[in-house]
Amino acid sequence: MPIAPAARAEAARLFDAFREAGAVPVETDILQPAETLLDLYGEDIRARAYVTTDPLRGEMMLRPDFTVPVVQMHMAHGADPARYCYMGEVFRRQDHAGPRASEYLQVGYEVFTRDAPAQAEAEVFALFDDLLAPLRPKAAMGDIGLLVAAVEGLGTTARRKAALLRHIWRPRRFRALMDRFAGCTPAPAARLRLLERLATGQPAELMAQAGPHLGLREPDEIAERAVALLEDAATPAIAAREADLIDDLLRLSAPAPQALERLEDLGVDMPSIRPAVGRLATRLEAMEKAGVWLRQVTFEASHGRSTLEYYDGFVFSFFSDRAGIPPIASGGRYDALTRVLGGGREIPAVGGVIRPGVVAALKGAA
Amino acid sequence: MLKIGVPSKGRLMEKTFDWFGARGVAMGKAGDDREYSGRVEGVPGCELVLLSAGEIPRELAAGRIHLGVTGTDLIREKLADWPTQVAEVAPLGFGFADLIIAVPVTWIDVDTLDDLDAVAAQFRARHGQRLRIATKYHRLVRDFLREAGVAEYQLVDSQGATEGTVRNLTAEAVADITSSGETLRANHLKVLSDSVVLRSQAELFAARAAPWGKAERAALAALCARLGVAVPVV
């Protein structure tokens, strides 16, 4: 379906507002090298993006979002600090018939700055809040940094924490790991059989019995993990009290001021989250100063899990409660992404995108 | 005319003919064995179309045939949102094969998808690249691994001799169809115990996009009555 003139007009209006806020307009290629995106997002991006082939440049993807090319451009030759805005089509492959568009407009605003992270976050949120106010959208925010801090504070092995952190964006998998590490669910029968077999001899002997070795994964890697599995089986479970606290945190959903109080309470028993809670307090203060009505913003500790994989701190979205409508806007902090794409350099970054098509549709329906 | 697409050669064709024959619908190649046209007897208004098994999903999706015999695996791999494109008419009870994930037998620390996920993380940290899984079933394997929460892998395309990719260092694991597991064993690979991506068999499908006129619907009803299966809603 072609992009509606109303969506284009809305995009132009939002783009102008971002320029007025001090952002420098930037353009990016529609054809992006597939390798960078695959390396960042993994195989799932193939299911969500259009892959095509360029005779000289190899596998390419139709731009699934602007963040990656904008970060790359900034890391290559950006001023410091910098504010950027952009407007254009993104392409998302849809494997199921339905109302989801496979081609739509995004208008975005990104801030790269080393100073006052809370102010930068408040600036982006307040700008979006202000532009979308006529739609009376619902607003939600979260903080991946809080979850990370909570996991890092668990009284368990570095290996278990690393496994949990790796799956922080996959709530079901995270839950399964947590239940297992906390001894709530027994190790699966297959794992017990594996452990029994591993306990019968040295890894090298067991490998020799199994057959000839093939492939890039070296015998020492296999032996290392075999030993790690046995060690892990002997590791005491995460204390029920600690597991409960993580649950309490994940379930937290309340208007931002109440959520902050609740998190301050949780911080008494979870000292590891206190610095992140402190940052949240500073952020909320900055948001309020910037004119955001905090009672109207829901803080959900789990917000942004499963959808916004590159965000690593503050996350937010604006959405309509009408069924079947995608989020109007979303964004967050993605410092780690600048590190991955920066080739040794990094810069704190926060930003977000608005979908003018959704804005136009909601205005049309009003 | 109700067009029925059937694999044009091999055991799949013979077994399809046998299955229809046992239910009173005689099918066969017309004339010369090398000629790709056929005949259907027992139900009026039907026409046999002999096609490569791999093309039958596409022909069904395009609605160029009304019915088609092909593997469950091919339908689910090749057709996005397959239930919106075809309806299942009957499983045929042959051509059984499982799509599974296999790793080298010397991976003594790996038995389940859980292990595969952990190894993918270890492999990426050590080798600086994602663990590669060779397959031709990209959609099925990707959906399955996403559902299972396996991360940091990469699919590499392999249209044949997939079991050899590990030996050739072009993949660390494979996802392929197996019926007996002999090829896997011969290539020193073992199946993960919880990795059955799909149990496949030959199946009769109906195309939703085919031109369903009065004559075709009548032929379909007569055919289904003869075969003893419910008439699909198309």
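Reader: Let me get the term straight: two residues are in contact if their C-beta atoms, placed from the backbone, lie within 7 Å. Of the contacts in chain B with a separation of 6 or more, what percentage comes from residues 24 or more positions apart?

Author: In chain B that percentage is 68%. Before we go on, this is a predicted model, in which local features need pLDDT of at least 70 and side-chain atom pairs count only at pLDDT 80 or more, while totals for chains, interfaces and linings use all residues. Residues are numbered from 1 along each chain as its sequence is written, and chains are lettered from A and ligands numbered from 1 in the order in which they are written.

Reader: Thanks! And what is that percentage for contacts in chain A?

Author: For chain A, 69% of the contacts between residues at least 6 apart in sequence join residues at least 24 apart.

Reader: How many helices and strands are there in chain B?

Author: Chain B holds seven helices and 13 strands. Both are DSSP runs numbered from the N terminus: helices are H or I with at least four residues, strands are E with at least two. In chain A there are 16 helices and 12 strands.

Reader: What do the C-alpha traces span along their principal axes?

Author: The trace of chain B spans about 65 × 35 × 25 Å, and that of chain A about 70 × 60 × 40 Å.

Reader: What percentage of each chain counts as buried?

Author: In chain B it is 43% of the 234 residues, and in chain A 38% of the 366 residues. Here buried means that 20 or more other C-beta atoms, placed from the backbone, lie within 10 Å of the residue's own.

Reader: Let's go to the sheet in chain A. What is the strand order?

Author: Nine strands of chain A form an open sheet in the order E1-E5-E6-E12-E11-E10-E7-E9-E8, with mixed pairing. Two strands pair if DSSP finds at least two bridges between them.

Reader: Why is one side of E1(A) and of E8(A) left without a neighbour?

Author: Strand E1 (24-25) and strand E8 (253-255) of chain A stand at the edges, each with a single partner strand, so one side of each has no neighbour in the sheet. E1(A) pairs with strand E5 (residues 82-91) of chain A in the parallel sense over two bridges, and A:Pro25 stands opposite A:Cys85 in E5(A). Helix H5 (residues 117-132) of chain A packs on the sheet, touching E6, E7, E10, E11 and E12 of chain A.

Reader: Tell me about E12(A). Which strands pair with it, and in which sense?

Author: Strand E6 (residues 103-112) of chain A pairs with E12(A) in the antiparallel sense over six bridges; there A:Val111 stands opposite A:Val350. Strand E11 (residues 329-333) of chain A is also antiparallel to E12(A), over five bridges, with A:Gly332 opposite A:Gly351.

Reader: And how many residues of E12(A) are buried?

Author: Six of the six residues of E12(A), which runs over residues 349-354, are buried. A:Ala349, A:Gly351 and A:Val353 point one way from the strand, and A:Val350, A:Gly352 and A:Ile354 point the other way.

Reader: Back to H5(A) for a second. A:Leu131 sits in that helix, so why does it count as buried?

Author: A:Leu131 counts as buried because it has 20 C-beta neighbours inside 10 Å. Leaving aside neighbours within four places in sequence, A:Leu131 is in contact with A:Leu14 and A:Ala17. A:Leu131 and A:Ala17 are 114 residues apart in sequence, and 8.1 Å apart in space from C-alpha to C-alpha.

Reader: New topic: how many residues of chain A are in contact with chain B?

Author: It is 35 residues of chain A with 33 residues of chain B. Elements giving two or more residues to the chain A side include helix H3 (44-48), helix H8 (171-181) and helix H11 (219-233) of chain A. H11(A) gives the most, with five residues.

Reader: Last one: what are the domains of each chain?

Author: The bounds come from an automatic or database domain assignment. Chain B has domain 1 (2-96 + 201-227) and domain 2 (97-199), with C-alpha centres 32 Å apart. Their contact takes six residues from domain 1 of chain B and eight from domain 2 of chain B. Chain A has domain 1 (5-150 + 244-365) and domain 2 (184-236), whose C-alpha centres lie 41 Å apart.

Definitions and conventions
A residue is buried if 20 or more other C-beta atoms lie within 10 Å of its own, exposed if 12 or fewer, and partly exposed in between; C-beta atoms are placed from the backbone. Axes are lines fitted to C-alpha atoms, for helices over the stretch in contact, and angles run from 0 to 180 degrees between N-to-C directions.
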